[in-house]
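This report introduces a structure to a reader who has not met it before. The sequence and the model are shown first, and the description follows.

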Amino acid sequence: MRLTVIGTGYLGATHAACMAELGHEVIGLDVDAGKVAALRAGRVPFHEPRLAEILARHTASGRLRFTTSYEEAGAFGQVHFVCVGTPQRRDGDAADLAYVEDAFAAVARHARKGALLVGKSTVPVGTAARLAERHPVEIAWNPEFLREGFAVQDTLRPDRLVFGVRTARAERLLRSVYAPVLATGTPLVVTDFATAELVKTAANSFLATKISFVNAMAEVCEAAGGNVRALAEALGHDDRIGRAYLRAGVGFGGGCLPKDIRAFAHRAAELGVDLGFLRQVDAINMRRRDRVVDLARELCGGGVLGARVAVLGAAFKPDSDDVRDSPALNVAARLELEGADVTVYDPEAMDNARKAFPLLGYALSAEEALRGAELVLLLTEWRQFREIDPVWAAGLVARPRIVDGRGVLDAERWTAAGWCFRALGGPPPG
Ligand code: NAD
């Protein structure tokens, strides 16, 4: 089939390349000419494992092209996937729908007769119905659940597909697009617009709640002298609870969970439903960043003024270079404001981190960041940080003091190597 993907950021670039991988002819469109030029040259403008190879293969074969022209995309596509951003509005918690509205208006203006416009962006419930009223085109909603770092695998082998449709024709078209994925037995839920929109915000709210639940348990463990790692392990053995998303740490960030739970609570309130618990989920999450700052002060003898602090991690999570609302950079910036001499290192997110926080210090390797540090904070759990040898690291730093902000290091090993070791949610200092 001939598809277009409107908006070629993390979601859209992945979707476009994976649709070509499934055998479709694809045009990716973005208003950012720099991004389009990079993608045309077969370069992925962000870090995503496996994506570069698929992109290069299909740009070379001609099956995947990129443009900034809505005329070209409109004349080409039978199905248009809208993947533009829906960030938090500057004036509050609601989602900013300006990009989605612009994109739908532009595609609707240029689309061929009979084309299907499919929203993939995460939007407040009611958006699809409003767009359908406004534009004389057929619309469907097909929310996306991919995780950065696993985006290719999640697109080609998703846990499920959700189609929000109003007609059998729209369902048929989407079934054809995803035929190779459905053929592997991927579960499909076909539903109405509102439910399709809600599945996405409900899923993100559930995941955020699970993370904040275990982080709230970490707070109680800190107060009571318990150990949240042992607690989470014991909870996770219960199949009804499950192990995933139960690791206590500095909390979630990124371009999705924080803004999605805020927008969802806001939208629910507009509809007269009180999802106040999501505000608690958000508050617990933000308190974990405060806790790391407190621990840093405590380990430095009451304040960080003048202390050399190595921050390991800048991306909001490993296997990504995305620094949107990154807990690591938020903590690093706060310590810098308190007068610490902060040096950040991240294997992939250095360029984005420098752009977002130009005043922080940056190192070219973990070794360089550690050298001479009086305090180490592990804030993004990249594998290379999890595998650091505490004896080797102790030989580099000025003072062996570390906060494991992600609950991934072996406390006993680090303590045995001479480190003053602290983690969120215990164990308490011995
Ligand atoms: P992003 O900021 O990386 O990409 C958005 C892209 O849209 C940008 O390249 C921007 O230039 C482009 N754009 C904006 N207005 C446009 C217009 N009118 N026409 C064409 N292009 C336009 O954002 P993202 O992370 O890819 O997220 C996109 C959407 O997908 C959001 O709603 C997000 O919540 C959702 N989502 C993201 C992920 C993820 O892991 N990143 C996962 C699932 C869902």
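Which residues does UniProt list for "domain: UDP-glucose/GDP-mannose dehydrogenase C-terminal"? The unreviewed UniProt entry gives residues 310–411 for this domain. UniProt positions are in the numbering used here, feature names are shortened, and annotations may be inferred rather than shown by experiment. Residues are numbered from 1 along each chain as its sequence is written. The model is predicted: local features need pLDDT of at least 70, side-chain atom pairs count only at pLDDT 80 or more, and totals for chains, interfaces and linings use all residues.

**The listed domain and the open sheet**

Over residues 310–411 the chain is 32% helix and 18% strand, and the C-alpha atoms at the two ends are 19 Å apart. Helices (H or I, at least four residues) and strands (E, at least two) are DSSP runs, numbered from the N terminus.

An open sheet is formed by 6 strands in the order β11-β10-β9-β12-β13-β14, with parallel pairing. Its edge strands are β11 (361–362) and β14 (420–423), each of which pairs on one side only. Two strands count as paired if DSSP finds at least two bridges between them. Strands of a sheet pair through backbone hydrogen bonds, either parallel or antiparallel. Within this sheet, β9 (residues 308–312) and β10 (residues 341–345) are joined in the parallel sense over 5 bridges, and V311 has V344 in β10 as its bridge partner.

Helix α14 (residues 327–337) packs on the sheet and touches β9, β10 and β12; its direction makes about 160 degrees with that of β10. Helix α13 (residues 276–299) lies across β9, β12 (375–378), β13 (401–404) and β14, and runs at about 165 degrees to β13. Such axes are lines fitted to C-alpha atoms, for helices over the stretch in contact, and angles run from 0 to 180 degrees between N-to-C directions.

**Strands β4 and β5**

Strand β4 (residues 79–82) pairs with β5 in the parallel sense over 4 bridges, and the bridge partner of V79 in β5 is L116. Both faces of β5 (residues 116–119) are covered: L116 and V118 on one side, and L117 and G119 on the other, are all buried. A residue is buried if 20 or more other C-beta atoms, placed from the backbone, lie within 10 Å of its own, exposed if 12 or fewer do, and partly exposed in between.

**The annotated active site and selected loop residues**

In the unreviewed UniProt entry, the feature "active site" is placed at C256. The table sets C256 beside three other loop residues.

| Residue | Loop | Burial and other C-beta atoms within 10 Å |
|---|---|---|
| C256 | between α11 (228–236) and α12 (257–270) | buried, 23 |
| D319 | between β9 and α14 | buried, 20 |
| D325 | between β9 and α14 | partly exposed, 17 |
| A363 | between β11 and α16 (366–370) | partly exposed, 19 |

Residues are in contact if their C-beta atoms, placed from the backbone, lie within 7 Å. Not counting residues up to four places away in sequence, C256 touches T122 and N204. With the same exclusion, D325 touches G253, G254, P258 and F316, and A363 is in contact with T343, Y345, E368 and A369.

Two separations place these loops further. D325 and G23 are 302 residues apart in sequence and 36 Å apart in space, C-alpha to C-alpha. The C-alpha atoms of A363 and V281, 82 residues apart along the chain, are separated by 34 Å.

Most residues other than glycine have a negative phi. In D319, phi is near 65 degrees, a positive value; in D325, phi is near 45 degrees, also positive.

**The shell around the ligand**

What surrounds the ligand? The shell holds 26 residues, and the closest are G7, G9, L11, S121 and T122. A residue belongs to it if its C-beta atom, placed from the backbone, lies within 6 Å of the molecule. The elements giving two or more residues are α1 (10–21) and α5 (98–110). The shell divides into 11 nonpolar, 9 polar and 6 charged residues. Here Ala, Val, Leu, Ile, Met, Phe, Trp, Tyr, Cys and Pro count as nonpolar, Asp, Glu, Lys and Arg as charged, and the others, Gly among them, as polar.

Key. Contact = placed C-beta atoms within 7 Å.
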